[in-house]
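Student: Could you take me through one part of this structure closely? I'd like to look at a sheet and what packs against it, and then see how that part fits into the rest of the chain.

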Amino acid sequence: MLPRSATASRKTGETDISVSVQVDGSGKSDISTGVGFFDHMLDQLSRHSLIDMTLKAKGDLHIDDHHTVEDTGIALGQALAKALGERRGIMRYASVDLAMDETLTRAAIDVSGRPFLVWNVAFSSPKIGTFDTELVREFFQALAQNAGITLHVTNHYGANNHHIAETCFKAVARALRIALESDPRQPDAVPSTKGSLKG
């Protein structure tokens, strides 16, 4: 499998974002979005997927965090799609149940080239500190759409909203790690009867 790395950037009247990824990394990250809780979640995504990430974002945070979070998902998804190329030799599918204290969340992934998000996660508060909990879904919607992955996230139970959000990021990270691993039985094949995972 060739080295899988890519960069992407997005500049609009609302945000200016640059991102680079190394899929076959060690989980190192250098992330700065101006949104502290979001940086923490992206660090978890990198660490537990073993995808090295460098991500810098400047956004209209004087309005709110929405544009920064959504556009970061777009740029990160685009970088991942570029890095994966034809998606040749990958395991493609993964499902992970991830526990954190009182919380349990499942992430199931198909790196299919067909973007879709199923989101079964509810928060009991609109905020985690100053962060809008609804933006967790917005991030994963943008990531799935632009990375070309089918992503199902279900929170089975949990009481602490920080834990619920964090298990979403960690479960997706661990599922990505498995799904993007090289399949030793078909290292050069596109894992599809169609012969393509480009949508």
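Tutor: Happy to! Let's start with a helix: α3, residues 134-147, lies across β7 and β10 and runs at about 160° to β7. Keep in mind as you look that this is a predicted model. A second helix, α4 (residues 161-179), also packs on the sheet, where it touches β5, β6, β7 and β10. The direction of α4 makes about 145° with that of β5.

Now for the sheet itself. It is open and has four strands, in the order β5-β6-β10-β7, with mixed pairing. At the edges stand β5 (93-100) and β7 (116-120); each has a single partner strand, so one side of each is left without a neighbour in the sheet. From one strand to the next, the twist averages 10°.

Look next at β6 and β10. Strand β6 covers residues 103-110 and β10 covers residues 150-157; the two run antiparallel and are joined by seven bridges. If you want a spot to find on screen, pick Thr105, whose bridge partner in β10 is Asn155.

Back to α3, this time for its side chains. The structure holds seven aromatic pairs. In one of them, the ring centres of Phe38 and Phe139 are 5.4 Å apart and the planes stand at 75°; planes over 60 degrees apart count as edge-to-face, so this pair is edge-to-face. Phe38 belongs to helix α1 (residues 36-49) and Phe139 to helix α3, so the pair ties together parts that are 101 residues apart in sequence. Both Phe38 and Phe139 are buried. Ring pairs also link these two into a cluster with Phe37, Trp119, Phe131, Phe140 and Phe169.

Finally, let's step back to the protein chain. It has four helices and 10 strands, and from the N terminus on its elements run β-β-β-α-β-α-β-β-β-β-β-α-β-α. Its radius of gyration is 16 Å, close to the 16 Å that the globule rule gives for 199 residues, so the chain is as compact as a globular protein of that length. The C-alpha atoms fill a box of roughly 45 × 40 × 30 Å along the principal axes. Of the 199 residues, 51% count as buried. Contacts that span the sequence feature here too: among those between residues at least 6 apart, 77% join residues at least 24 apart. As for the outside, the accessible surface comes to about 9000 Å², and 49% of that belongs to carbon and sulfur atoms.

Key. Residues are numbered from 1 along each chain as its sequence is written. This is a predicted model: local features need pLDDT of at least 70, side-chain atom pairs count only at pLDDT 80 or more; totals for chains, interfaces and linings use all residues. Side-chain values use heavy atoms; hydrogens and water are left out. Two strands pair if DSSP finds at least two bridges between them. Axes are lines fitted to C-alpha atoms, for helices over the stretch in contact, and angles run from 0 to 180 degrees between N-to-C directions. Contact means heavy atoms within 4.5 Å. The radius of gyration is taken over C-alpha atoms; the globule rule is 2.2 Å times the number of residues to the power 0.38. Buried means under 20% relative accessible area, exposed over 50%, partly exposed in between (1.4 Å probe, protein chains only). Accessible areas come from the Shrake-Rupley method with a 1.4 Å probe; for residues, only the protein chains shown count as cover. Rings of Phe, Tyr and Trp (its six-membered ring) pair if their centres lie within 6.5 Å; planes under 30 degrees apart count as stacked, over 60 as edge-to-face and the rest as tilted.
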